[in-house]
Amino acid sequence: MLGEKIKKHKLNIYHAVISAACILAMYLGVLVVCSITPFGEKTFLMFDLKRQYVDYYAYLRTVYAGENSVFYSFNAALGSGTLGFFAYYLSSPFLLILSLFDRSVIPLGITVVIGLKLILAAFIMDLFLQRFIDEVTGILPTDTGNIAVYCGAVSWAFSGFLFAHSMNMMWIDVVMLLPLYIWSLERLFREGRKLPYIVTLFFMLLLNYYITYQVLFFTVFWTIADLVVRKEKHPFVQIGRLIYSAVISALCSAVIMVPTFLELMDSPKDVTLLGMKLTGKRLSLLDVFSKLPTLSYDYLEARFGYPQLFCGVLAVFLILLYFACKEIPMREKMGFLALFIVFAASFGIDILNVIWHAGMEPSGHPYRQAFICVFIMIICSCRAFSFLGKELSPVKVLAAGAVLLVFLVLLRKENYDHITDLTWHVNLGITAVYTIVLMSLTFAYLKRKEVLVQLLALSLLLINIADLSANAVHTYNLQSLKCDTAAEYKEVISRTQDAVEAVKNLEDDNILYRMENLNPREQNDAFQYNYYGVTQYSSAGLVYVRYFLQRLGFNDDGLYTHYGHDNTKTMDSLLGIKYVFTDGSYPAHPDYELTVDDKEKAYRNPFALSAAVSTNGFDISDICDPDNNDPEASMVHVPKKDPFKLQEDIYSRLLGKEISIFTPAVVKKSDMYIAGGKRSFDFNVRAAKDGELYFYLDELIGAREGLSVFVNDEFLTTYGNASCVKILNLGYHKTGEEIKLTVQAEKEDKNFGSAIFVTEDTAALKAAYNELSVRGCDVKIKPFKNEMTITVPDGADGLFLTVPYESNWKITANGKKTQALAVYDSLTYIPVDDSFGEGDVTIRMKYVSSGLWFGVVLSIIGVFLLIYVEISERKKAK
């Protein structure tokens, strides 16, 4: 694919440094123009970087400080193994640089790290192009080869994919290593050198296994094309060499990859759970090509957009010239054409796109493999650039310009949202300019005017840089419509952190207790402020815990289980949520005690149970299967009750008797009627008791109904979709007070569910809490060591923990090994009997990632194979 032999000339490091310097200048220009910190208040805190990653980075600092562990976190959704989480989100060495920045100026650190990654991407691509595309002479942009490499390097680093996805920082490490990977792959095929390939793939697996999977999938197509193009005489030998080397890389990384894979089996990324979800979305070739022009990004890209293929209009022009170039072998052109066809099919056929994403429909950014297509586009364009002196002609230039003109006209007719009038006119102008410059270059070559050739070639580079920079500015401006400013971030962080620290000063931090925020900055405050919480927004958590919390009345949107002011006091009590923060946007429950009175207030929950409660006669008959002790995501061991009755069920089992905490309201439901063209029901609700009145529509979990809820004719919320299937707090109402609640549906076939209205009886909750709290057991934790110690009082027959069940907990009771049971398909129960001795029983629990030691053994084998490969290759070289 890249010639018969790998070039052996000495690489020009200074040339790569100049490419990196160009990206630095372009990046600084974008920062200044867009007023991005430190040149303004705007930041890269948008999309998932705002919602997830920045909080993870704050948590990573606590791991570096020895406060928390890589393997387990009590901060995440009641508690969860986190090795898979770390392997996906937090394995980049660049995060070490980010940790040097104070928490309050993390947005500045992110700006720096993104810039460093783009600069390094250009540096690596420059060296790759030197080795495989064209030799360079010096560093001055006065030679066609020099300029071709410069153009390719900057086009790669500032391509639509790398810049638009720069906030997905965990992907970019592997993306920028793609040229190095292909380089090592070519050395494997051409020189029989396994070591560079093994080492490169090993680091890519550690940096981000998900994007590396896409690279490996692409390797299949690249290998087939390469072997055919080069007419390889021993193709199966080459394939065997590739598989052998890849297996060694996998073995070396097994210490991380094996436990990560096993951990992800309990997360939303488990293919066996999600299945291959097909959307039926099919892109035409024109749809795909519509992302080639500059300024073609739009604000819907992150969720529903087309593949990010932009790498400069010049690259598109040159690709057309590439396939018209007689100097380039036909077999090579057919090989690259075959790869382009593979990507066109992958973008156009849904099931192929799902396979590219490891069998799962992506949650946003639906064509994440597009960076590989951009890579081969740049290779082809640089190959064409290097032959301009021999191949350029007026006919080819005019033909390429005409093709681009027809392409722009077709895009105009299709009325794509991302092809605006500005986009169309700018691309028309750029195409015209390139046509004029290339025509002028044609005549300059014919007249052998070397100085003019150099100036015109240099102008191509400068126009390309301007094009890439303008597209980056356009992309950022659309992405940043809802970004946090540096000042906003700093103010919220300092305000909430002060409140968290004030609470921690009141408590023993070695004891497990939980806190939550009624108005979180985003969805991962427990990570950001390092407290033990309930909510977590991540694609790498325990899915069965999320589903259990959903059954308790939390809202779950598929990745995020939301805690809010709608939660009942009973739920807070059971989950051991001892403190609640609020800035006043949402009120805490009336019975909660104000503990910290500042900009961010903290309220103490007087009904918060310990995370562990000793039991006596705990009924596990229908909430556990001792013979098949694995939590089921289908929640088969959770009683089929509404959230209020389920909360009562847990309290009742712990107390060993039936109790009632929620009192049904008196409800009169109207007949269905049409209002504003919408089917509607009215519920006239009269509170049967003083207290907070709650509402829930049962039987709608997993539905997508699109309902609307109104209270006394004022809109309250949507309901029945990913945004809201949860308990709603309708406020405090005295006995006999009435409200009208209306539920509307957009369409006739909507399911309204079963409406439930109850009042929480605080007196009943208090009585139940007082009786149960005396059996509370302090959970002493050592987060960095992944350990818990609990003392169970004499006479108890078991221990109930609101720490999620995971088989990875190694448990002893008074020094004897024992097993926990999964109850409610989520939580943990440890039976206690006389075999542990008389008196109190000390339970010790240590979390050991599943498959860790097996992975260690495999990695040791991999290292020995790696050493063997190195010794063999050295002997062969001699």
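Which strand does E13 pair with, and over how many bridges? I looked this up in the predicted model, and the partner of E13 (residues 678-686) is E18, in the antiparallel sense, over 8 bridges.

**Entry: around E18**

I picked one bridge position to click on: Arg 679 stands opposite Ala 745 in E18. I then checked how covered E18 is. The strand spans residues 738-745, and 6 of its 8 residues are buried.

E18 also pairs with E15 (residues 707-711), again in the antiparallel sense, this time over 5 bridges. I noted two positions here. Val 709 has Val 743 as its bridge partner in E18, and Val 711 stands opposite Leu 741 in E18.

**Entry: E15, from both sides**

Next I asked myself which strand besides E18 pairs with E15. That is E16 (residues 714-719), antiparallel to E15 over 5 bridges. Leu 707 has Tyr 719 as its bridge partner in E16. The hairpin of E15 and E16 has 2 residues between the strands, and I saw that Asn 712 takes a positive phi there, near 50°.

Is E15 enclosed or open to the outside? I found 5 of its 5 residues buried, so the strand is largely enclosed by the rest of the structure. For the faces, I kept one rule in mind: in a regular strand the side chains alternate between the two faces of the sheet. In E15, Leu 707, Val 709 and Val 711 are on one side and Ser 708 and Phe 710 on the other. Both of these faces are covered.

**Entry: the four-strand sheet**

I moved on to an open sheet of 4 strands, with the order E3-E6-E8-E7 and mixed pairing. Why is one side of E3 and one side of E7 left without a neighbour in the sheet? E3 (514-517) and E7 (593-596) stand at the edges and each has a single partner strand, so there is no neighbour on one side of each. I put down the twist too: it averages 30° from one strand to the next.

Inside this sheet I followed E6 (residues 577-582) and E8 (residues 601-604), which pair in the antiparallel sense over 4 bridges. Phe 581 stands opposite Ala 602 in E8. I also found helix H24 (residues 486-504) lying across E3, E6, E7 and E8. H24 runs at about 150° to E6.

**Entry: helix H26**

H26 (residues 543-552) is mostly covered, with 9 of its 10 residues buried. I listed some of the buried ones, including Tyr 544, Phe 548 and Leu 549. Arg 546, Gln 550 and Arg 551 are among the buried residues of H26 as well. Just after H26, I noticed that Gly 553 takes a positive phi of about 120°.

**Entry: nonpolar cores**

Which residues touch the most other members of the largest nonpolar core? I got Trp 156 and Trp 222, out of 181 residues in that core. I went through the contacts of Trp 156, not counting residues up to four places away in sequence. Among them are Ala 121, Met 125, Leu 162 and Val 175, and also Phe 371, Val 374, Phe 375 and Ile 378. Apart from the largest core lies another, of 74 residues, which includes Ala 588, Phe 607, Ala 745 and Val 823. Ala 745 was already in my notes, as the residue opposite Arg 679.

**Entry: backbone oddities**

I went through these with a reminder that most residues other than glycine have a negative phi, and most peptide bonds are trans.

A cis peptide bond joins Thr 37 and Pro 38, with omega about 15°. I placed Pro 38 in the loop between H1 (13-33) and H2 (47-64).

Lys 231 has a positive phi, near 55°, and is not a glycine. I found Lys 231 in the loop between H10 (209-229) and H11 (235-252).

Leu 295 also has a positive phi, about 60°. Its loop is the one between H14 (285-289) and H15 (301-304).

Are Lys 231 and Leu 295 buried or exposed? Lys 231 has a relative accessible area of 58%, so I count Lys 231 as exposed, the cut-off being over 50%. Leu 295 comes out at 9% relative accessibility, so Leu 295 counts as buried, the limit being under 20%.

How values were computed
Residues are numbered from 1 along each chain as its sequence is written. This is a predicted model: local features need pLDDT of at least 70, side-chain atom pairs count only at pLDDT 80 or more; totals for chains, interfaces and linings use all residues. Side-chain values use heavy atoms; hydrogens and water are left out. Buried means under 20% relative accessible area, exposed over 50%, partly exposed in between (1.4 Å probe, protein chains only). Two strands pair if DSSP finds at least two bridges between them. A nonpolar core is a set of buried Ala, Val, Leu, Ile, Met, Phe, Trp, Tyr and Cys residues joined through side-chain atoms within 4.5 Å. Contact means heavy atoms within 4.5 Å. Axes are lines fitted to C-alpha atoms, for helices over the stretch in contact, and angles run from 0 to 180 degrees between N-to-C directions.
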